[in-house]
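Here are my notes on the aromatic contacts and the pockets. Please read them with the structure open.

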Amino acid sequence: MKLVRFRGDDDQPALGVLVAPETVLDLGRAATARREVLHPALSDMQALIESGPEGLDLVRRLVEASPDEALLPSGGVTLLAPLPRPSKIRDFSCFEQHLRQAAEGAARTMAAKADNPSAAFERVKRELGLDNIPNAGWRKVPAYYYADVGFVAGPDEPVVWPAYSTWIDYELELAAVIGKHGKDISREQALDHVFGFTIFNDLSARDAQLEAMATGLGVAKGKDFDGSTVLGPCLVTSDEIEDVYDLTMIARLNAEEVGRGNTRDMFWRFEDCIEYASRSQTIHPGELFCSGTVGNGSAVELGITMNRGDLVELEIQPIGVLRTRIL
């Protein structure tokens with residue numbers, strides 16, 4: 001199922017299912033139409049995830065019934081971030097191609113205006129530690145950082161670029177949403193803990209990111225501003241995805257395709273990430289495990305200069321297309 005949060009004509013967030021490309025089933029209205037007591041699982045996405053199989057069975061019954069009074073044209077509603085404030089977002093680095101290309105692209109961009117760009121390129125790589133990416137440690141453990149959960153943007157929601165940055169970039173990622181508690185989870189059981197998947201646009205202020213990374217303490221303000229975390233357009237339950245490691249990932253900029261990759265190229269897989277993160281730590285329903293950027297999934301890799309006003313479209317089917325305009 002393609003689960004969505006949306007705002008209808010009453011301007012209140014509601015939970016629904018995208019039952020057709022142009023139709024949203026309002027789950028609350030569907031339950032009312034069937035004279036059912038409104039189950040707590042239908043109050044919001046987090047509650048539905050926490051309700052487990054019972055909540056999903058209820059949703060499936062409502063979808064099967066699909067009373068006419070609960071069917072809304074998708075053009076008449078505003079889709080919202082499927083999870084407006086996840087308790088945690090762990091962003092991993094699973095694609096080696098992205099790491100290599102991003103390091104090269106960042107160094108070339110910074111060296112482009114020098115009198116001797118070739119020499120400057122090598123110097124910049126050394127100074128910023130970009131000449132040894134990925135390093136040996138990257139292949140030992142699936143490392144991650146915690147992304148911002150304070151202001152999550154949704155589909156078609158514009159993001160105001162931070163005033164301290166002039167280097168705009170997007171990052172195309174797949175996010176696994178955890179569906180049940182677990183600790184010290186084995187690799188073999190890891191995917192049993194996944195409720196579903198959504199698209200993650202990890203917006204990156206590259207100039208601020210490189211400054212922060214030079215300190216050795218992380219990405220900091222490079223990925224820590226209002227709207228830097230973009231999720232959507234829906235949350236697809238795991239049973240809808242036949243093979244999570246055969247999904248084409250496409251990036252478009254101002255309606256033109258600029259990058260394409262596939263989840264089959266993940267060096268670290270979600271099973272590895274869940275096993276590693278759950279060591280001596282309980283993971284909870286609603287947490288996100290993100291794949292990191294697919295190769296060719298960011299502007300810096302491709303030598304593209306982004307500007308305010310640009311429209312980014314990130315596509316992973318069967319999830320859909322996540323659109324973000326930068327202001």
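1. One aromatic cluster is formed by Phe92, Tyr144, Tyr146, Tyr276 and Phe289. Keep in mind that this is a predicted model. Across the whole structure, a search finds nine aromatic pairs.

2. Take one pair from that cluster. Phe92 and Phe289 have ring centres 5.6 Å apart. Their planes meet at 20°, so the pair is stacked; the cut-off for stacking is under 30 degrees. The pair links distant parts of the chain. Phe92 belongs to strand S6, Phe289 to strand S16 (residues 288-290), and 197 residues separate them.

3. Are these two rings buried or exposed? Phe92 has a relative accessible area of 3%, so this residue is buried. Phe289 is at 0% and counts as buried too. The limit for buried is under 20%.

4. Another pair has a different geometry. The rings of Phe267 and Trp268 have centres 5.2 Å apart, with planes at 85°, so they are edge-to-face. That label needs an angle over 60 degrees. Phe267 is partly exposed, at 38% relative accessible area. Trp268 is at 11% and counts as buried.

5. There is also a charge over a ring. The charged end of Arg269 sits over the ring of Tyr245, 4.0 Å from the ring centre.

6. Now the pockets. The largest has a volume of about 1000 Å³. Its lining comprises 39 residues, and those closest to the centre are Ser93, Leu99, Gln209, Met213 and Val219. Strand S6 (89-92), helix H4 (96-111), strand S7 (144-146) and helix H6 (206-213) each give two or more residues to this lining.

7. Which element gives the largest share of that lining? H4 does, with five residues. By class, the lining of the largest pocket holds 21 nonpolar, 11 polar and seven charged residues.

8. The second largest pocket holds about 360 Å³ of space. It is lined by 17 residues. Nearest its centre are Thr109, Lys113, Thr166, Trp167 and Thr305. H4 and helix H8 (299-302) each supply at least two of the lining residues. The classes here are nine nonpolar, six polar and two charged.

9. Two elements deserve a second look. H4 contributes to the lining of the largest pocket and also to that of the second largest. Strand S6 holds Phe92 of the stacked pair, and S6 also gives residues to the lining of the largest pocket.

Definitions and conventions:
Residues numbered from 1 in each chain as written. Predicted model: local features only at pLDDT ≥ 70, side-chain atom pairs only at ≥ 80, totals over all residues. Heavy atoms only, no water. 1 Å grid on protein atoms, 1.4 Å probe; cavity = no way out; pocket = protein on both sides within 12 Å on 5 of 7 lines; lining within 4 Å. Points joined across faces, edges and corners; volume = space filled by probe spheres on them. Helix = DSSP H or I, 4+ residues; strand = E, 2+ residues; numbered from the N terminus. Nonpolar A, V, L, I, M, F, W, Y, C, P; charged D, E, K, R; others polar. Phe/Tyr/Trp six-rings, centres within 6.5 Å; stacked < 30°, edge-to-face > 60°. Buried < 20%, exposed > 50% of the residue type's maximum accessible area, 1.4 Å probe, protein only. Lys NZ or Arg CZ within 6 Å of the ring centre and 35° of its normal.
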